[in-house]
Each structure stands twice: as C-alpha cells, then as structure tokens.
Amino acid sequence: MVKKIVVFGMGYVGIPASALFADVDGFNVVGIQRRSKRSGWKIDFLNQGKNPIGGDEPGLSELIKRVVDKKTFRVTDEVSECSDADVILIDVQTPTDEQGIPHYESLKEVSKQIGKNMKNGVLVVIESTVAPGTTENIVKPILEDESKLRAGVDFSLVFSYERVMVGRLLKNIVYLPRIVGGIDEESTKRGVDLYENIVKEKIYPTNSLTAEVAKVVENTYRDVNIAFANEVALLCESLGIDVFDVRKLVNTLPNDPSNPSSNPIRNMHFPGAGVGGHCLPKDPWLLKYGVDTYGKFKVEPNVIVKSRMINMWMPNHTADLVEEALNDQGKKIVDAKIAILGVAFLENSDDTRNTPAKTLYETLVKKGAKPMLHDPYVRDFDIPFSKDFNEVISGADAVVIVTKHKDYLNIDLNDLKDKMKTPVIVDGRNIFQKEECENIGFVYKGVGKPH
C-alpha cells in the first residue's frame, strides 16, 4: 500500500503532480526542492499553501492550499525523506545544449541521492523527459550502484511521461491518457496502479524504451508541424498573400468518420515568431541523441533536424521584419528603441523556458537596436524586463508582438501610436488586423503576411 510519495523538483510537473497525489486519501507527499538562488523560495512559499506558478492555472492554487491545510503535502530540501518513501518521482530539468546534447547533471545527481537513501521495495518513476535509453542506461545503473539493490528485483523502475501544458496543468494530468513504461512487467503494473489514483483517462502500459520514444516523438511531431506552417508562412510572404487565409482554407477539409483514411483531416498549425517551452525546442534533439547513442545503426533524421532549425530561425526572421519596417519609415535600426511585448513563451503564463523573445532580443542587439522587454506575468528572467507597459512603448520606434497574452489583445492602437516615436508594428502572433493598423498610420508587418 502506497503511503508516502517523494517528488524531486517543484516545477511545472512536480507541483501539480504532488498536489494531486496529496489529495488522495491515505497518501502523504513530500516535495524536494534545492534551496537554490533562483528556486529556493518555492519551499517556504508552498509550505504556506501558496502557488508559485504564475499565470492562469485553473484549480491549482485551491488544490495546493487544500493539501497543505490537510497536512498531506509539504516541501523540504532534505533528501533523507527518501529513506521511508514507497514511491519516488523524478521531475527535474533535463535541458539540451546548443549542440543538442542533453545535460543530465540534475537527473544524475538526484538519482545518486535517491540511490543512497531509498529502501528495498520502492517504486521509482522518471517523469522528466529524457532521450530514449536513459532509464535503462543511465538512471538504472546509478540507482543500483548507490543502493546495492537490483532493479526489477529489489525495487521497481518506471518511465511515465507527463503531457502537461502551462495553463492546463491539472486538466492534462487528470484527463489525458497516461503512458506507463516499466523496465519489467511488475514495474509497469505498479506504475499503472499508482497513476490510477489520479488519472481518469485510459492508462497504456508498455516498456520504458517505447515510452521514452513516444514522449519525444509526440513533441517532435508538433515541432515538425509548426515548422511546416512557418515555412509556408515564408512562402506566402514571398508571394504576397496571407498565410492565415491559406491555413483557414486548408483546414476546411473535413474528416469522413465512416472511413477516416480515405480523407484524413488537415490540421495546419499556426506560424509565428518562434517556438519556445521546455519540450519542443529540446525533444527532437533528445530523440536524435538517443538513436545516435543507443541505436543499432545510423539514422539521419533530416526532416526532424531541418524542422528544428526553421523554428529556431523564426526570431531572426522577425528581427529582419523589424528592420524592413523601420526602413520603410526611413528609420535606421541602429539605436532604435524596440518594444518587445511578451517574455513568456506561452500566452497568459510566466514560463520563459527557451522563449523566442530572448533570441529576438539578442538578434536586435547585434543589429545595433535598443530593445526593451515587457511581460505582465513573468517573475524573473535573465535579461532585464519591465511590467510597466507605458514605460516600454513610450518613445518606441517599433512594437513587436512575441507572446499572445490576453493583455495585448485589446491594445488601443490610436493610443499606442500617440505614445510611440515611430509607428511600426511587427506582429509575430497575428493579433492585429493589417488593414486596421495601416489605416491608423502604422507600418505593419507580420509573420506570413503580405508586405
């Protein structure tokens, strides 16, 4: 019987997972968070029943307060809490570098800490996204070496990935199907039994390698589809037509429920100023790394890599649009004040991981511009930014929309024009109408728009 669950990593996955398990009768959950300069504050914050995740997260604040008040959830930095845990979840960062190589420092360190402290019979679950082969070839040996226990005999080991999306954290954990991949049948069964406590949709059992591949392929599929939309957007710009008109027409193709394969539905994605987040920018590289490292023969994922490169380049294209728009106004980009609206990668959130705003900012700086960042939700970022909208737009030579925050949807364009020095809008998220902006007196350029 599961009684105590320890969760390593109080982030976008660890916090909602902890809170959901802590709301199950009989479960006691302890979150483990390093007292780092950037994230250590979460320990006291969560222990006070407060939600450290900004933006719109339906139900999460109420759930955290409830389980803290019930005394079934608390957070600490003491890894010794693992010693009597029945289940240990690993929800730490697994980033990749600029060459697409995964950095597993946190994963390895946490695995060592778990191995030194875990008891016989524990179930260890990796929820962090990893390259295919990581569970068997990296985590398992570390746990066995440190604990002197045998995986599949003395303890169970599972890879079960999250499908969370900022703004839908609880909903996605509870109401999306779950994939559970164990290193053996008993591990898989224990994993399924665990998640049945919080998942209301179907749970699919498989092995750890298949689950690892499924996770990175899910996000790679989306990355490739976005890259297709971005490439079509560039083609439409060249032809002088609106990609969003094209997208609307393409997606009118209906599906035939009686024979879906005869006429598969089209779902062309949205193009834009760039792709951010924890998953899409790195999961294609994790997939490639796993095959390069553990595959039986060499495979070059040309479509996947090229798609990733297109998406990485879109902030640079957005910067080029800024320069073109300024030139149309007879203004040089050097020393131009550029107001970048949106630091978070996703609308109505505070999540800045791999945000395209950073690449855009750095590219504009290289061009000699003086960009300023604005975001109403973000708490901290490694580049200075402001929450004061008027400060950022006042005297600006161009405004660039990077994030589709609801705060930007109803901007008064006449007021915006009055406060700017040079009336230029570069729309990276299709939130304004080109004709309306031009009628007011703006030079308007948008990703996938005729210009």
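A polar contact is a pair of N or O atoms within 3.5 Å; within protein, one must be able to donate a hydrogen and the other to accept it. I kept this cut-off at hand while reading the structure, which is a predicted model.

**Entry 1: Gln-33**

I first looked up where Gln-33 sits. I found Gln-33 in the loop between strand S2 (28–32) and helix H2 (41–47). Its relative accessibility is 11%, so I entered Gln-33 as buried, the limit being under 20%. I then followed the side chain of Gln-33 and noted that it reaches the backbone nitrogen of Met-10 at 3.2 Å. Leaving aside residues up to four places away in sequence, I listed the contacts of Gln-33 as Gly-9, Met-10, Ser-39, Lys-42, Ile-43, Val-75, Thr-76 and Asp-77.

**Entry 2: Cysteines**

I next asked how many disulfides a search of the whole structure finds. The search returned 0 disulfides. For Cys-437, I looked up the closest cysteine sulfur, which belongs to Cys-236. The two sulfur atoms are 19 Å apart, too far for a bond, as a disulfide requires them within 2.5 Å. I recorded Cys-437 as buried, at 0% relative accessibility. I also recorded Cys-279 as buried, with a relative accessible area of 15%.

**Entry 3: Helix H7**

Lastly I examined helix H7, which covers residues 185–195. I noted Ser-187, Thr-188, Gly-191, Val-192, Leu-194 and Tyr-195 as buried there. Looking down the axis of H7, I saw that the buried residues fall within an arc of 160 degrees, so they line one face of the helix.

Note on methods
Residues numbered from 1 in each chain as written. Predicted model: local features only at pLDDT ≥ 70, side-chain atom pairs only at ≥ 80, totals over all residues. Heavy atoms only, no water. Buried < 20%, exposed > 50% of the residue type's maximum accessible area, 1.4 Å probe, protein only. Helix = DSSP H or I, 4+ residues; strand = E, 2+ residues; numbered from the N terminus. Arc of directions from axis to C-beta. Contact = heavy atoms within 4.5 Å.
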